[in-house]
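This report examines the salt bridges of one protein model, together with a peptide bond that merits separate mention. The sequence and structure are shown first.

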Amino acid sequence: RIGLGRAELLEKIPPAPLELKVAGVDYCDGFTKTLFVRFVLSPALATLRESLGLEAAGYDPHLSLLYCSMPTAEKRLLAGTVPLPVRRVRFTAAEATRCMLPVAAATDISTWQAIARRSLVPAG
């Protein structure tokens, strides 16, 4: 799933699944990256971001596993105990989500709205 700001950008995404290599489980101070799977920024993802007018440099591709406020020591412990059963993840759809930033609490997430979705699997 790739969160985008405008639904019309979804039509610019080529109909091809995007496969990313898993870099590991990590944590950060940010509420929306309490615990997450980090991916390697592939050339295909960098090209896709650039084609959508988004920066590729400095982008941290990830899949959030947990949103909450907790002490750093607990995050570190969790990150070290989450097993990763796969080395690659294949994304087969893109979704545009309307969200207000910054996100600092669960109440902020409750306002998110999915506004469009597109399959990345070629028809046929």
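## The Asp 26–Arg 38 salt bridge

In this predicted model, Asp 26 and Arg 38 form a salt bridge through their side chains, with an N to O distance of 2.4 Å. Asp 26 belongs to strand β2 and Arg 38 to strand β3 (residues 35-39), so the contact ties together parts that are twelve residues apart in sequence.

Both partners fall into the partly exposed class. The relative accessibility of Asp 26 is 23%, and that of Arg 38 is 25%. Because buried means under 20% relative accessible area, Asp 26 at 23% counts as partly exposed.

## A network of salt bridges

The pair is also part of a wider arrangement: Asp 26, Lys 33, Arg 38 and Asp 60 are linked in a network of salt bridges. Across the whole structure, a search finds five salt bridges.

## The Glu 19–Arg 88 salt bridge

Strand β2 takes part in a further contact, between Glu 19 and Arg 88. Here the closest N and O atoms are 2.6 Å apart. Glu 19 is located in strand β2 (residues 18-26), while Arg 88 is located in strand β5 (residues 88-91); the salt bridge therefore ties together parts that are 69 residues apart in sequence.

With a relative accessible area of 40%, Glu 19 is partly exposed. Arg 88 is likewise partly exposed, its relative accessible area being 45%.

## The Glu 95–Arg 117 salt bridge

A salt bridge also joins the side chains of Glu 95 and Arg 117, at 3.8 Å from N to O. Glu 95 lies in strand β6, and Arg 117 lies in strand β7 (residues 113-119), so this pair ties together parts that are 22 residues apart in sequence.

The two residues fall into opposite accessibility classes. Glu 95 counts as buried, at 11% relative accessibility, whereas Arg 117 is exposed, with a relative accessible area of 62%. The assignment of Arg 117 follows because exposed means over 50% relative accessible area, and its value is 62%.

## A cis peptide bond after strand β6

Strand β6 (93-98) is followed by a loop that leads to α3 (106-109), and Pro 102 is placed in this loop. The peptide bond that joins Leu 101 and Pro 102 is cis. Its omega angle is about 0°.

Definitions and conventions: Residues numbered from 1 in each chain as written. Predicted model: local features only at pLDDT ≥ 70, side-chain atom pairs only at ≥ 80, totals over all residues. Heavy atoms only, no water. Helix = DSSP H or I, 4+ residues; strand = E, 2+ residues; numbered from the N terminus. Salt bridge = Lys/Arg side-chain N within 4 Å of Asp/Glu carboxyl O. Buried < 20%, exposed > 50% of the residue type's maximum accessible area, 1.4 Å probe, protein only.
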